[in-house]
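Please read the following points with the sequence and the model side by side. They concern a pair of neighbouring strands, a ligand shell and the division of the chain.

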Amino acid sequence: MKSVEQHIRDVLDLVEPLEPIDSDLLRAHGGVLAEPVVAGTALPPFDNSSMDGYAVAAADLDGASAAEPVRLPVVADIPAGDAAATAVRRGHCARIMTGAPLPRGADAVVPVEWTDGGLATVAVDRPVRPGNAIRRAGEDVEKGATVLERGARLGAGELAVLAAAGRGTVPVRPRPRVVVLSTGAELVEPGSPIGPGQIWESNSYMLTAAALDEGCSAFRRGFVGDDPATVLETVEDALVQADIVLTTGGVSMGAYDVVKEVLSRLGTVHFDKVAMQPGMPQGAGTVGDSGAAILTLPGNPVSSYVSFHLFVRPALRRLRGLPPDPLPTVHARLTAPVPRSPEGRRSYLRAVLEYDGSGGSTAYTARTAARQGSHQLSALAETNALVVVPEAVTELAEGSVVEVLQLPATA
Ligand SMILES: Nc1nc2c(c(=O)[nH]1)N[C@H]1C(S)=C(S)[C@@H](COP(=O)(O)OP(=O)(O)OC[C@H]3O[C@@H](n4cnc5c(N)ncnc54)[C@H](O)[C@@H]3O)O[C@H]1N2
Ligand code: MOO
């Protein structure tokens, strides 16, 4: 059987970072910057006041006190945005607002709270040190400094930096377009009644949501039955609008394993058994003129879920221009034994990972879910991690320290 690592490598070989496009800032939200951004202007662009008050020459206030305030004539009023090149002579001052440009001749700002708030003349009741309440040009960002590196993920803070630096558009790699298609003649749309032998379809909802959580544009194409011609037509249709197509079902050894049957004749898709539980039957390749990647995940819902996090997620990250890192890992102590695990296959057990501040050898505990079957998806709602049981290990005692993959939180 193929190793998990080899399958990850094979999947990553199918994708490359998407070509960047110039996007306005809100469209760029969630995107990955394709080029570094350099400040064309210093920030702040000019010396300005950090308080509402009076711009003064500090030396004019030497000796000021509550008992003997210094009185200065107010020669100008400078609001934020003022474009006039105001100057104050010694012995004079200007009323100034937060963010307004510092006038020539002034070297300090006195907050209004230290004064009587006068409009024609102001009384100041204490001295001020030079530089008080002044924000210097370039003290946030120097002209020519790199404000964001290539590869930065553009969240709220990054968009603020770009906007403040005057950038209206930036080159970002677009969100990968993911099309999700499930197969299976037994599937029924949730919300409709089921008949004998039928089940409600869940994989395509799970995968579409997981792809959205990974910063993709995800489209749920729904599900098709087991007719090869329909599956082929639907896959070809999906390829037109996809950077990557995800299918579920139809890849094991059954008589009606339609995905395997159709794709074996199309493109470069290989089908393998990967040494893991759940998620053993996997297929991956490219199809169509566009060379879009297609990953065929197993139909069992838990298998599909685990496959997404192990194989699909790194591929989506590479398409986005991010490092295709695996899920973050911690070590945790098992709160209960694992009675059995298949030899030769790496198990991924759904578990609740909790921080444990009691100061033991590990900072976390992992409580594995009671129901671990590939079809038992109820535990997906309550668990937040996958406990890894290595291929050679067939059982684990309570208290064993294990590697645990942290599942991403919903955006
Ligand atoms: N003789 C063998 N049988 C099976 C093997 C094997 O090696 N030899 N592998 C088993 C393993 S492991 C898995 S995993 C499954 C994978 O099967 P398929 O990918 O072909 O998926 P299906 O047979 O179509 O479905 C499996 C199971 O999952 C349910 N299902 C399918 N799609 C959905 C969906 N969209 N939403 C909810 N549930 C879905 C389906 O009803 C089946 O119960 O094969 C084993 N068999
Ligand atoms: O590998 Mo299958 O994914 O156990 O259920």
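1. Valine 287 and alanine 292 of strand β21 stand opposite each other. This is a predicted model, and the position of every pair named here should be read as computed from that model.

2. The two strands that carry this pairing are β20 and β21, the latter covering residues 292–297. They run antiparallel to each other and are joined by five bridges. Together, β20 and β21 make a hairpin, with four residues separating the strands. One residue in the turn deserves attention: glycine 288 has a positive phi of about 80°.

3. Strand β20 also pairs with strand β18, which spans residues 270–273. This pairing is again antiparallel and comprises four bridges. Within it, histidine 270 has alanine 284 of β20 as its bridge partner.

4. Is strand β20 mostly covered or mostly uncovered? The strand, residues 281–287, is mostly covered, since six of its seven residues are buried. As background for the student, side chains in a regular strand alternate between the two faces of the sheet.

5. Which residues surround ligand 2? They are Gln277, Pro278, Gly279, Met280, Pro298, Asn300, Ser303 and Ser374. By type, this shell contains three nonpolar and five polar residues, and no charged ones.

6. The chain is assigned four parts: domain 1 (4–17 + 175–320), domain 2 (21–41 + 149–173), domain 3 (48–135) and domain 4 (329–406). Between the C-alpha centres of domain 1 and domain 3 the distance is 68 Å.

Notes:
Residues are numbered from 1 along each chain as its sequence is written. Chains are lettered from A and ligands numbered from 1 in the order in which they are written. This is a predicted model: local features need pLDDT of at least 70, side-chain atom pairs count only at pLDDT 80 or more; totals for chains, interfaces and linings use all residues. A residue is buried if 20 or more other C-beta atoms lie within 10 Å of its own, exposed if 12 or fewer, and partly exposed in between; C-beta atoms are placed from the backbone. Two strands pair if DSSP finds at least two bridges between them. A residue is near a molecule or strand if its C-beta atom, placed from the backbone, lies within 6 Å of it. Ala, Val, Leu, Ile, Met, Phe, Trp, Tyr, Cys and Pro count as nonpolar, Asp, Glu, Lys and Arg as charged, and the others, Gly among them, as polar. Domain bounds come from an automatic or database domain assignment.
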